[in-house]
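Please walk me through this model in a viewer, one selection at a time. For each stop, say what to select and what is found there.

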Amino acid sequence: MSYSFFTIIPVYSNIPMKKNSAIIIFVIITFATLNAQNKYSTFYDQRATLFEKLPVSAEDIVFVGNSITNGGEWSELFNDMRVKNRGISGDICMGVYDRLDAILGGQPAKLFLLIGINDLGRNTSPDTVVTHIKKVVDKIITDSPKTKIYLQSILPVNDSFRKFEGHTKHWKEIKPLNKKLFRLACSKQITYIDLFADFVTPGTEKLDPKFTNDGLHLLGEGYLKWAEIVKPYIIDTEK
């Protein structure tokens, strides 16, 4: 839950103006401090602080993203302990950006990025999503130039489940957004992986129900399909 500080500052009508102002300033500073300490979510802090303690090496392959990435047992899916999960449920583009140092410090061999649907769920415009993903990509290129970046398309969603409606109502925006991500990948000379096409119901732009039970997250079959798509990029050192 979020609050505007204007909603939590009490009115001290009987307190002199100077004291009243001091109280207001104190409340604002306290609110700002608490907000800074919990910029994204408590779960974000739990995962991000754990990731800061877990090593990443130059041999590692890192999957970065939100809950959809978070839900994958990546080392088991590929039978490879080099494949690390750095997904955080609820994460957004700038949340990824703010925790990249813990990943890039190890100069990983490969990084698979999938992010953006939670930004849409917050009514962030598609163009802003692309701008923020570009910022993430630029930081990876700058801070870990030997890391091969794989920009994955945003997965489709399905509003027929009537869950996560803040996300699934944006289903029409995902395909055109992915086209912009493809152009971004081309401009940065990084690999773009189209997951979207393999996850939609044929003839639609919605997530195939066989891959989901809530319209947003993946069932086991979805993770097997995802692993099948990206496996060539995992095992082929030339890609």
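Select Ile-133 and show what surrounds it. Beyond its neighbours within four places in sequence, Ile-133 is in contact with Cys-93, Leu-113, Ile-115, Leu-151, Leu-181 and Leu-184. The model is a predicted one. Ile-133 belongs to the largest nonpolar core, which has 57 residues. Ile-133 is listed with Phe-63, Leu-113 and Trp-226 as the residues with the most contacts inside that core. Add helix 12, residues 220-235, to the view: helix 12 gives the most to this core, with seven residues. In soluble globular proteins, nonpolar side chains tend to be buried together. A second core, separate from the 57-residue one, has seven residues. Among them are Tyr-44, Ala-48, Ile-88 and Met-94.

**The sheet**

Next, hide the side chains and show the strands. There is an open sheet of five strands in the order 2-1-3-4-5, with parallel pairing. Strand 2 and strand 5 (191-193) are the edge strands, and each pairs on one side only. From one strand to the next, the twist averages 20 degrees.

Select strand 3, residues 110-114. How many of the five residues of strand 3 are buried? The count is five of five, and the strand is mostly covered. Turn the side chains back on to see which way they point. Lys-110, Phe-112 and Leu-114 point one way, Leu-111 and Leu-113 point the other way, and all are buried.

Now look at the neighbours of strand 3. Strand 1 (residues 61-65) pairs with strand 3 in the parallel sense over five bridges. Within that pairing, Val-64 has Leu-113 as its bridge partner in strand 3. Strand 4 runs parallel to strand 3, and four bridges join the two. Here Phe-112 stands opposite Tyr-150 in strand 4.

Go on to the pairing of strand 4 with strand 5. Strand 4 covers residues 148-152 and pairs with strand 5 in the parallel sense over three bridges. Gln-152 stands opposite Ile-193 in strand 5.

**Helix 10**

Select helix 10, residues 171-188, which packs on the sheet and touches strand 4 and strand 5. The direction of helix 10 makes about 160 degrees with that of strand 5. Helix 10 has 18 residues and reaches 26 Å from its first C-alpha to its last, close to the 26 Å expected at 1.5 Å a residue.

Which residues of helix 10 are buried? They are Trp-171, Ile-174, Leu-177, Asn-178, Leu-181, Leu-184 and Ala-185. An α-helix has 3.6 residues a turn, so residues three or four places apart point the same way. To see what covers the buried residues of helix 10, show strand 4 and strand 5 together with helix 7 (117-121), helix 8 (126-143), helix 9 (165-168) and helix 11 (196-199), which are included in the cover. Two residues from the buried set, Leu-181 and Leu-184, also appear among the contacts of Ile-133.

Stay in helix 10 and select Ala-185. Is Ala-185 buried or exposed? Ala-185 counts as buried because its relative accessibility is 1%, and the cut-off for buried is under 20%. Beyond residues up to four places away in sequence, Ala-185 touches Leu-151, Ile-190 and Tyr-192. Ala-185 and Leu-151 are 34 residues apart in sequence, while their C-alpha atoms are 6.9 Å apart in space. Move to Gln-189, just after helix 10: this residue takes a positive phi of about 60 degrees.

**Two polar stops**

Select Ser-67, which is in helix 3 (residues 67-70). Ser-67 has a relative accessible area of 15% and is therefore buried. Its side chain and that of His-217 are joined by a polar contact of 2.9 Å. Leaving aside neighbours within four places in sequence, the contacts of Ser-67 are Ile-88, Ser-89, Gly-90, His-217 and Tyr-223.

Finish at Arg-82, in the loop between helix 4 (74-77) and strand 2 (83-87). Arg-82 counts as partly exposed because its relative accessible area is 34%, which lies between the 20% and 50% cut-offs. The side chain of Arg-82 makes a polar contact of 2.7 Å with the side chain of Asp-80. Not counting residues up to four places away in sequence, Arg-82 touches Glu-59, Asp-60 and Ile-61. Show Ala-58 as well: Arg-82 and Ala-58 are 24 residues apart in sequence and 9.7 Å apart in space, C-alpha to C-alpha.

How values were computed. Residues are numbered from 1 along each chain as its sequence is written. This is a predicted model: local features need pLDDT of at least 70, side-chain atom pairs count only at pLDDT 80 or more; totals for chains, interfaces and linings use all residues. Side-chain values use heavy atoms; hydrogens and water are left out. Buried means under 20% relative accessible area, exposed over 50%, partly exposed in between (1.4 Å probe, protein chains only). Contact means heavy atoms within 4.5 Å. A polar contact is a pair of N or O atoms within 3.5 Å; within protein, one must be able to donate a hydrogen and the other to accept it, and residues adjacent in sequence count only if both atoms are side-chain atoms. Two strands pair if DSSP finds at least two bridges between them. Axes are lines fitted to C-alpha atoms, for helices over the stretch in contact, and angles run from 0 to 180 degrees between N-to-C directions. The expected span of a helix is 1.5 Å times one less than its number of residues. A nonpolar core is a set of buried Ala, Val, Leu, Ile, Met, Phe, Trp, Tyr and Cys residues joined through side-chain atoms within 4.5 Å.
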